[in-house]
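Student: I have a multi-chain model open in front of me. Could you show me how to read it, feature by feature?

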Amino acid sequence: MTALLQVRNLSTYFHTQDGVVKAVDGVYYEVAKGETIALVGESGCGKTVSALSILRLIPEPPGKIVSGEVLFEGTDLLKLSQEEMRKVRGAEIAMIFQEPMTSLNPVLTIGRQISEALELHQQMTKQDAYKEALRLLELVGIPQAERRARDYPHQFSGGMRQRVMIAMAISCRPKLLIADEPTTAVDVTIQAQLLELVRGITRELGTSLILITHNLGVVARYARRVYVMYAGRIVEHGTAQAVYHDPQHPYTVGLLSSVPRLDEPRKTHLSTIEGQPPDLIFPPSGCPFHPRCAYAIPKCSKDRPELMEVEPAHYSACWVALQKPTPWKKIS
Amino acid sequence: MHKYLLRRILWLVPVLLAVAFITFSLMHLVPGGPWDREKALAPQVVENLNRKYGLDKPLFVQFGNFLWNALRGDLGVSYSFQDRGVTQILLSGLPKTATLGVIAFFLAILIGIPFGMAAALKQNSAVDYASVFFATIFASIPGFVLGILIMIIFSVVLHLLPTGGWGNVKHLIMPSFALAALPAAYIARITRASMLEVMRQDYVRTARAKGLAERIVLLRHILRNALIPVMTIAGPELAFLISGSFIIENLFSIPGVGRLFVQGVFARDYGLIMGSILFYAFAVAIVNLIVDILYAVVDPRIRYE
Amino acid sequence: MAVAVETLRPHHTIWGDALIRLRRNRLAVVGVTFILLLALGAMLVPYVSPYPWDRQNYNIILQNPSWAHPFGTDNLGRDVITRLLYGARTSLQVGIFTQIIVVLVGIPIGAIAAAAGGRMDNIIMRFVDVMYAFPDLLLIILVRAILGPSIYMLFLAIGLVAWVNVARLVRGQILSLKQRDFITAARAMGASGPYITLRHLLPNSIGPVIVVLTFNVPRAIFAEAALSYIGIGANTPSWGTMIRDGYEVIFAAPHLVAFPALAVGILMLSFTFLGDGLRDALDPRLRR
Amino acid sequence: MKSKFVLSLVATVVIVLLVAIAACARPTPTPASTPTPAVSQILRVNLAGEPATIDPNRASFAGERTVILQVFEGLFGFNQDLSLKPVVAKEIPSVANGGISADGKTYTFKLNSNVTWSDGKKVTANDFEYSIKRMLSPELAGDYASFYFDIAGAEEYNGAADKDAAAKEQLRNALGVKAIDETTLQVTLAQPRPTFLQIIALWPAYPVREDIITKFGDKWTEPPNYVGNGPFILTEWVHQDHMTFKQNPNYWGVKPKLTEIQFKMVTDINAELAAYKNNELEMSRVPPGTEIATLTDPVLGKEILRYNELVTFAFQFNVNKPPFNNVKLRQALSTAIDRSAFVDKVRGGVGKVALSWIPPGMPGYDPNLGKEYEFNVAKAKQLMADAGYADISKLPELKFQYADTAGNRTIAQFLLGQMKENLGINLTLEPVEPRAFSQLVIQEKHTWAFLGWGADYPDPDNWMPELFGTKAGNNHTGYSNPAFDALAKQAKAELDNAKRLQMWADSQKMVMTDAPIVTLFYRERFVLVKPTIKGLKTTGMDGQVAGDTFLSEVFLAK
């Protein structure tokens with residue numbers, strides 16, 4: 001499949017009063033047309049920053065994209081002028097944010113906030129855009145769209161707001177949709193509805209989807225390929241199948257083993273990953289995970305591992321993973 | 001909403017009553033009466049004057065008479081202005097003060113908000129410092145000094161504008177600028193502060209993620225939210241401007257209502273004091289009501305039961 | 001085997017952090033130093049200046065700035081720079097004490113009105129409407145007749161009427177903040193009304209309030225100048241009376257009004273920079 | 001980068017301010033007055049405020065008097081040297097020409113028959129009778145009614161406010177004012193009053209029209225109802241803004257040269273000077289304290305008009321309040337004030353040093369009275385010792401009260417400096433709001449306060465008894481000297497003018513030795529007048545506008 005979006009060696013740093021935070025430090029990932037990939041990792045590992053960098057929404061100062069390319073259908077988004085970038089945002093690439101409560105303008109009606117992008121990108125008249133907005137609201141499952149469109153964000157529940165965000169994002173039929181932890185702020189039942197909604201829409205419109213989440217259960221069900229991020233870098237990448245059953249990086253192993261499994265007896269306590277996520281201003285030498293890694297060898301603390309193909313179409317940034325079989329056992 | 005409006009208007013009565021009572025009592029507690037002068041009047045003349053204006057009656061009777069007449073729109077008679085009716089004096093002065101006040105208010109907005117926005121958008125840049133600097137300079141020169149400086153430059157040196165009085169548009173320019181200086185500086189500062197606050201909100205990032213032009217993001221998303229705190233302070237500034245400023249009207253000899261209260265106090269012109277303070281209280285209460293209603297219009301989160 | 005890496009970044013309290021950030025903000029430092037220098041100058045002037053602040057010399061009336069008198073002399077031949085520093089005592093006191101009254105009266109009333117809402121809010125706001133139209137002039141004359149023309153009656157008079165704006169502003173801020181989720185969250189944890197107001201509502205509305213306060217300082221100094229312009233100013237020398245005295249002879253000696261006005265301007269700049277610095281320093285969200 | 005930027009900002013502030021200052025300090029050459037052809041005889045002067053009332057029977061303030069002088073004329077007027085001249089009256093009555101009865105109590109005024117009102121009607125004795133009776137009526141409550149209490153029945157009628165209508169009507173008819181016929185007016189006094197001619201010449205006794213007042217009531221002073229018999233008529237009055245007068249077409253006397261006078265109402269004195277410099281006014285006051293700068297101004301220096309006024313500024317003690325009940329202390333304080341330093345240095349030579357109460361330019365002025373109070377620190381210290389205060393620390397705290405207005409503040413600060421420099425006394429200044437100050441003085445709660453007095457008419461009779469007679473209307477010093485009271489009583493009724501003036505001179509000597517007051521200076525009017533103004537005649541009793549008594553003789557020329 002031809003790649004719709006290729007992120008190559010992307011680095012985004014933040015200049016803070018205590019030093020330079022390397023939030024995203026040389027990241028590679030790509031997504032094909034119509035494909036759904038997942039970006040997984042603990043909070044603070046750079047998932048969201050990498051997504052915002054794609055849309056160049058990093059506030060500057062303090063943030064700055066220091067290196068890398070973001071090829072979208074062949075053109076590098078980082079080289080585009082502000083004007084050209086604006087044509088991409090919302091029309092070609094759209095984004096759904098994590099915090100529904102604060103991501104909608106409190107003083108504008110819901111209908112207005114959806115029809116805005118339509119008027120801009122699709123050059124629709126106010127009335128057509130409003131009618132289309134109503135259709136979208138129904139599409140995302142908001143009852144009495146006619147009346148609710150005139151309401152304001154504070155009159156909607158968290159789940160409903162997230163549906164509005166989805167309606168807003170898909171309004172201009174973007175080629176790529178980035179969902180940054182879309183369901184974190186809502187309860188489980190709504191979570192499933194929203195994800196089914198997004199999957200339905202992306203499949204129907206042939207939209208590629210980058211799903212950013214720390215919820216491994218969601219990844220398994222919806223994403224074809226998975227990128228695991230740690231300390232601003234991709235540490236493992238492969239098909240969901242492969243990564244779940246034959247993880248090639250100790251961090252992924254740790255993540256998977258900290259998820260409760262139905263087929264395990266109830267009493268076994270979950271294993272956690274030791275220590276704290278690393279300080280991105282003074283990252284540990286070598287592999288950033290080595291201080292917390294149960295299988296670390298002296299080389300780990302000296303040289304920084306790059307992504308290597310340890311299994312067919314299955315990459316990992318870990319020296320230990322090169323030995324076969326891996327010291328950690330497969331997950332049945 | 002209408003129930004709220006009605007309730008607020010009904011509340012006007014106790015507010016005005018309270019203001020009337022406070023002013024009336026303070027007025028009679030303050031030493032010195034309307035007939036005390038450096039060249040003392042004969043006691044008999046003073047007695048006749050008190051009788052003529054009903055000041056010989058007990059205080060609560062006077063207060064009662066005042067309220068009863070005020071209900072019928074007659075705010076009593078002014079001793080220091082040829083026995084003209086206070087209502088009539090206020091009505092003849094109101095258009096002048098109101099015109100000046102409204103012009104000054106819009107000037108303050110047209111200068112203040114853009115300056116504030118520019119300062120916020122280009123924080124810690126030349127524009128930011130320039131706006132802080134001008135806001136401070138205008139804020140730190142008292143009205144009468146700023147007024148006389150403008151008058152010296154445009155009337156005495158350049159002979160472009162008349163120094164004062166009332167007549168055509170040329171009489172409006174200098175006083176309205178002098179009046180607008182402080183509110184403009186104030187609005188600029190508050191706009192800058194609240195713009196900085198709003199620009200950090202998530203919904204601004206959402207707006208940008210939709211690919212909206214920066215101009216639309218600024219006007220439709222940022223400004224609409226940023227202007228709410230500005231409105232809180234714009235209201236009282238408007239009330240202050242509408243009621244007129246003693247200093248500017250005195251300096252530019254504008255026959256408005258702004259100087260009536262102060263002149264009234266210094267002349268112990270009881271009729272004028274009561275009339276002008278009630279008018280001012282009424283104007284302030286109405287403006288505050290308007291601002292509160294505009295609140296609900298601009299910020300849907302605020303609902304009035 | 002896993003070695004816990006000790007975090008290298010020192011942990012500050014919000015005030016500690018605010019102080020550090022304030023120190024980094026050069027403009028705020030400039031502001032603070034000017035204010036402190038001024039206060040120091042005001043205290044030391046009688047011992048430092050060659051001329052007592054009130055000595056008159058009729059041979060050097062209304063002189064332009066010269067080496068002997070860097071800021072010139074006034075209409076009774078007194079040295080202006082000495083009077084300016086001496087007058088700073090009154091003006092700083094007027095500027096600062098009125099703000100203390102404004103903060104102590106305005107903020108609580110505004111907060112209670114907004115936090116309580118409903119009938120209480122309405123009653124307080126109508127009381128504020130009355131205060132807006134309060135005949136402060138009459139009160140000043142009355143208080144002045146009783147207490148005599150001391151500057152303390154000025155603080156009372158100016159402060160008593162100035163708190164109204166702050167009250168309305170705080171109320172406005174809190175009204176919009178009340179809807180925010182972190183407030184519902186705090187309430188959900190069983191926090192009491194006053195606790196929420198103190199710990200959550202007020203700190204979040206501190207921004208615009210500080211801006212207003214930094215504005216109120218020169219405004220109080222003007223109020224004093226305006227009162228003396230009208231004819232009921234303070235009795236001791238102050239920037240307000242000096243501006244008014246200078247105004248009266250502006251056609252003969254404009255420097256008499258220029259220097260005090262400039263002084264108020266620079267004081268205002270310092271308070272503005274300090275205010276901005278304080279607001280940015282105190283705002284947790286700005287901790288990058 | 002930031003601090004460098006701030007410094008440059010502060011520098012620009014200083015430059016901007018200095019540029020503006022240079023603009024007003026630099027003497028702005030008044031451009032050749034815009035070539036309004038001298039032929040347009042329009043005079044624009046500043047009344048400095050809206051008059052409280054322009055009804056002659058009620059007016060009292062200077063601004064009101066200035067307006068009335070243009071529109072009305074009384075039985076007599078004042079020449080430039082303040083001597084009386086007949087106007088509506090044919091001649092000045094005297095005992096010789098039978099106008100005044102032997103006992104000095106009955107005055108008969110012969111009126112000119114050709115005097116007309118601005119609406120053409122004839123001015124008759126009835127107009128005067130009606131005016132004087134109206135001025136004395138308790139309902140009108142005229143400010144200057146007490147000046148005419150010498151007229152038979154006047155005081156009783158004015159005090160009859162609480163009586164019923166019939167009693168009032170009866171008192172009104174009993175008043176000693178009668179129009180014998182259209183051109184003869186007779187006034188009988190309760191007791192002789194040699195200065196009555198000057199009192200009847202004042203504006204409250206100007207004629208007014210009964211028919212117009214009854215028809216328009218309070219509105220009779222609004223144009224066009226404001227009918228007068230003077231050289232001008234009031235054609236326009238925009239309240240608080242300006243008044244416009246035009247020539248009175250039916251004026252019976254010599255037609256004025258001016259076609260129009262505009263009285264502007266600029267309250268702020270700096271704004272008035274700015275208006276003058278911008279050619280909006282032909283005359284302007286000079287802000288107190290800027291006299292020296294104006295004198296040395298290349299342009300304005302040539303446009304200054306100065307003349308003495310019958311106004312004295314002094315300080316008054318409250319002789320009943322220790323330590324001021326000690327005459328030696330009062331004399332010491334008076335001697336310790338360097339009056340010439342104030343007049344020559346602080347006020348740049350404007351005004352004259354005053355060592356006695358009655359100012360120069362009117363009868364009763366005594367140039368060598370009060371010499372003992374000339375500035376002499378040694379003598380003052382000696383007097384302090386005589387008063388028992390050789391050691392200053394024994395002196396209780398001295399407080400000085402004054403109305404908190406521009407000019408007063410400088411004088412008060414000057415006094416403070418004098419007390420400290422010359423006697424080492426730490427005087428406490430108590431500025432008081434003007435109205436509160438007037439009440440304080442009237443209720444004699446002051447200790448040492450301000451006293452300013454201007455002549456209503458140029459005679460010691462208007463200066464001495466009113467202030468120094470026991471319990472007199474304006475005597476707030478608490479001064480009571482039986483000898484003075486007896487002498488004053490005698491002088492008030494003394495018909496022989498020479499003897500009368502001698503009595504008043506002796507009474508002034510008494511007062512000056514008792515020193516209930518400390519005279520400071522006689523005021524000098526110091527105004528700017530455009531060179532185009534010609535024929536201006538000023539007097540010591542001018543009102544708000546310089547030369548307002550003879551505006552009808554003013555004209556504009558190149």
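Tutor: Gladly. Let's start with who touches whom. Chain A and chain D do not touch, and their nearest C-alpha atoms are 17 Å apart. Keep in mind throughout that this is a predicted model.

Student: Which two chains share the most contacts among the 5 pairs that touch?

Tutor: Chains B and D do. Chain B puts 47 residues into that contact and chain D puts in 48. On the chain B side, α2 (43-52), α4 (86-121), α5 (126-140), α6 (143-157) and α10 (246-251) each supply at least two residues. The largest share comes from α6(B), with 8 residues.

Student: How does the side of chain B that touches chain D divide by residue class?

Tutor: That side has 23 nonpolar, 15 polar and 9 charged residues. As general background, the size of an interface is often given as the accessible area lost when the parts come together. Here we are counting residues in contact instead, 47 from chain B and 48 from chain D.

Student: Let me look at α2(B). Which of its residues are buried?

Tutor: B:Val45, B:Val46, B:Glu47, B:Asn48 and B:Leu49 are the buried ones. Part of their cover comes from another chain: α4 (154-158) of chain D is included in what lies over them. After α2(B) comes B:Gly54, with a positive phi near 70 degrees.

Student: What does the contact between chains A and B look like?

Tutor: There, 23 residues of chain A are in contact with 19 residues of chain B. On the chain A side, α2 (82-88) and α3 (110-121) each supply at least two residues, and α3(A) gives the most, with 4 residues. By class, the chain A side splits into 12 nonpolar, 6 polar and 5 charged residues.

Student: Now the interior. Which residues have the most contacts inside the largest nonpolar core?

Tutor: The general idea is that in soluble globular proteins, nonpolar side chains tend to be buried together. In this model the largest nonpolar core has 448 residues, and B:Val145, B:Ile187 and B:Ala281 have the most contacts inside it. Take B:Ile187: beyond its neighbours within four places in sequence, its contacts are B:Ala108, B:Ile109, B:Gly112, B:Ile113, B:Gly116, B:Val230 and B:Ala234.

Student: How do I judge the overall fold of chain D?

Tutor: Begin with the inventory: chain D has 17 helices and 18 strands. Its radius of gyration is 26 Å, close to the 24 Å that the globule rule gives for 558 residues, so chain D is as compact as a globular protein of that length. Its C-alpha atoms fill a box of roughly 85 × 65 × 45 Å along the principal axes. Of the 558 residues, 50% count as buried. Among contacts between residues at least 6 apart in sequence, 67% join residues at least 24 apart.

Student: And how should I read a single helix, say α17(D)?

Tutor: An α-helix has 3.6 residues a turn, so residues three or four places apart point the same way. In α17(D), the buried residues are D:Arg500, D:Met503, D:Trp504, D:Ser507, D:Gln508, D:Val511 and D:Met512. Their cover includes α15 (465-468) and α16 (482-493) of chain D. For length, 18 residues at 1.5 Å each should span 26 Å, and the end C-alpha atoms are 26 Å apart, which agrees. Just after the helix, D:Ala515 takes a positive phi of about 50 degrees.

Student: Where in chain C does pLDDT stay under 50?

Tutor: Over residues 1-8, for which the model has 11 contacts beyond four places in sequence. Where pLDDT is low, the predicted coordinates should not be read in detail. Chain C averages a pLDDT of 79, and 90% of the residues score at least 70.

Notes: Residues are numbered from 1 along each chain as its sequence is written. Chains are lettered from A and ligands numbered from 1 in the order in which they are written. This is a predicted model: local features need pLDDT of at least 70, side-chain atom pairs count only at pLDDT 80 or more; totals for chains, interfaces and linings use all residues. Two residues are in contact if their C-beta atoms, placed from the backbone, lie within 7 Å. Ala, Val, Leu, Ile, Met, Phe, Trp, Tyr, Cys and Pro count as nonpolar, Asp, Glu, Lys and Arg as charged, and the others, Gly among them, as polar. The radius of gyration is taken over C-alpha atoms; the globule rule is 2.2 Å times the number of residues to the power 0.38. A residue is buried if 20 or more other C-beta atoms lie within 10 Å of its own, exposed if 12 or fewer, and partly exposed in between; C-beta atoms are placed from the backbone. pLDDT is the predictor's confidence in each residue, from 0 to 100. A nonpolar core is a set of buried Ala, Val, Leu, Ile, Met, Phe, Trp, Tyr and Cys residues joined through C-beta atoms within 7 Å. The expected span of a helix is 1.5 Å times one less than its number of residues.
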